[in-house]
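Dear colleague,

Please find below the structure that I am handing over to you, together with its sequence. My findings follow directly after it.

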Amino acid sequence: MSAPAVPRPPLVSLPALSPGLPGDLGPEDRVDGLEFADPELGPGSARAASVLDCRFASCEFAGLDLELAALTGCAFDRCAAAGLALVPSRLSNVRFDGCRVGSLEAYGAAFERVEFAACRLGYVNLRGAVLRDVRFEQCRIGELDLGQATAARAACPQSELEALEVVGAALADVDLRGASIGRITGLRGLAGATLDEQQVALLAPALAAEFGIRIGDPVP
């Protein structure tokens with residue numbers, strides 16, 4: 001069996017940026033080439049905004065609504081949020097590095113070439129989302145919910161997931177090798193994923209129960 005396809009990295013090449021202010025983000029605004037550094041963004045609404053080639057550095061997202069927003073070519077560095085709403089937003093070529101988010105609500109979203117690196121994420125709700133080339137690297141995640149999601153070319157190298165839900169998911173080239181996963185809900189949804197031998201061994205009792213397989217002692 002061939003190895004799963006590797007997720008393509010995001011293409012983030014920021015131009016010379018101008019300073020951005022919290023008031024620059026508003027509903028249906030088009031924001032292009034700004035750097036937001038250290039401000040508290042929110043509470044407020046940037047609903048349906050178009051954000052292009054922007055950098056967010058050490059920002060605190062305090063109730064900023066990004067529902068229906070389109071983020072393209074953006075970088076989020078060392079940002080924090082108790083909750084971040086991206087429902088059902090579109091992210092393309094976006095990188096999150098060293099961010100801390102309590103609850104990331106992105107059900108029904110579309111992610112393409114999105115990378116999370118060294119992030120701490122409490123609950124990631126990607127139910128019903130469409131994911132292409134998404135990578136969680138060296139992340140700590142409380143729960144990753146991929147229920148009913150469609151994912152192709154995704155990976156979680158060196159990440160810790162306390163819980164993973166894949167009920168009704170459609171996976172292709174999803175590489176879970178190298179990830180520490182505490183609990184998986186919806187084992188049938190793992191079809192299309194790649195696991196290593198140790199992960200399969202740990203899942204053996206749950207897989208047997210899911211498929212009605214009896215495990216007995218060897219016949220003498």
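**Findings**

Residue E165 belongs to strand β19, which covers residues 160-165. Please note that the structure is a predicted model.

E165 counts as buried because its relative accessibility is 17%, where the limit for that class is under 20%. The side chain of E165 forms a polar contact of 2.9 Å with the side chain of R127. R127 also appears among the residues that E165 touches, together with E143, L144, D145, L146, G147 and T185; residues up to four places away in sequence are not counted here.

Two of these neighbours, L144 and L146, lead to the next topic, the enclosed spaces. There are four cavities of 30 Å³ or more. The largest cavity has a volume of about 120 Å³. Its lining is made up of 14 residues, and L144, L146, A154, C156 and V174 are those that lie nearest the centre of this cavity. Which strands supply at least two residues each to the lining of the largest cavity? They are β16 (130-137), β18 (150-155) and β20 (170-175). Strand β16 gives the most, with three residues. As to chemical character, the lining of the largest cavity consists of 14 nonpolar residues, with no polar and no charged ones.

The second largest cavity holds about 40 Å³ of space. It is lined by F61, F76, C79, A80, A81, L84, F96, C99, R100 and V101. Two elements, β11 (80-85) and β13 (100-105), each give two or more residues to this lining. The largest share, three residues, comes from β11. By class, the lining of the second largest cavity divides into nine nonpolar residues, no polar residue and one charged residue.

You may also wish to know about the cysteines. How many disulfides does the structure hold? The number is zero. In the case of C74, the closest cysteine sulfur is that of C54, and no bond is formed because the distance of 5.1 Å is too far; the cut-off for a disulfide is 2.5 Å. C74 is buried, with a relative accessible area of 0%. C139 is likewise in no disulfide, and the nearest cysteine sulfur, belonging to C119, is 4.7 Å away. C139 counts as buried too, at 1% relative accessibility.

Finally, I turn to a residue towards the start of the numbering. P19 is located in strand β1, residues 18-19. Is P19 buried or exposed? P19 is exposed, because its relative accessible area is 72% and the class begins at over 50%. Leaving aside neighbours within four places in sequence, P19 is in contact with D24, L34 and E35. From P19 to D133 the separation is 114 residues in sequence and 30 Å in space, taken from C-alpha to C-alpha.

In brief, E165 is buried and in polar contact with R127, whereas P19 is exposed. The largest cavity has a wholly nonpolar lining of 14 residues, while the lining of the second largest cavity includes one charged residue. The structure holds zero disulfides.

With kind regards

Methods: Residues are numbered from 1 along each chain as its sequence is written. This is a predicted model: local features need pLDDT of at least 70, side-chain atom pairs count only at pLDDT 80 or more; totals for chains, interfaces and linings use all residues. Side-chain values use heavy atoms; hydrogens and water are left out. Helices (H or I, at least four residues) and strands (E, at least two) are DSSP runs, numbered from the N terminus. Buried means under 20% relative accessible area, exposed over 50%, partly exposed in between (1.4 Å probe, protein chains only). A polar contact is a pair of N or O atoms within 3.5 Å; within protein, one must be able to donate a hydrogen and the other to accept it, and residues adjacent in sequence count only if both atoms are side-chain atoms. Contact means heavy atoms within 4.5 Å. On a 1 Å grid over the protein atoms alone, a cavity is a set of points where a 1.4 Å probe fits but cannot get out, and a pocket is an open set with protein on both sides within 12 Å along at least five of seven lines; lining residues have an atom within 4 Å of a point. Grid points are joined across faces, edges and corners, and a volume is the space filled by probe spheres set on the points. Ala, Val, Leu, Ile, Met, Phe, Trp, Tyr, Cys and Pro count as nonpolar, Asp, Glu, Lys and Arg as charged, and the others, Gly among them, as polar.
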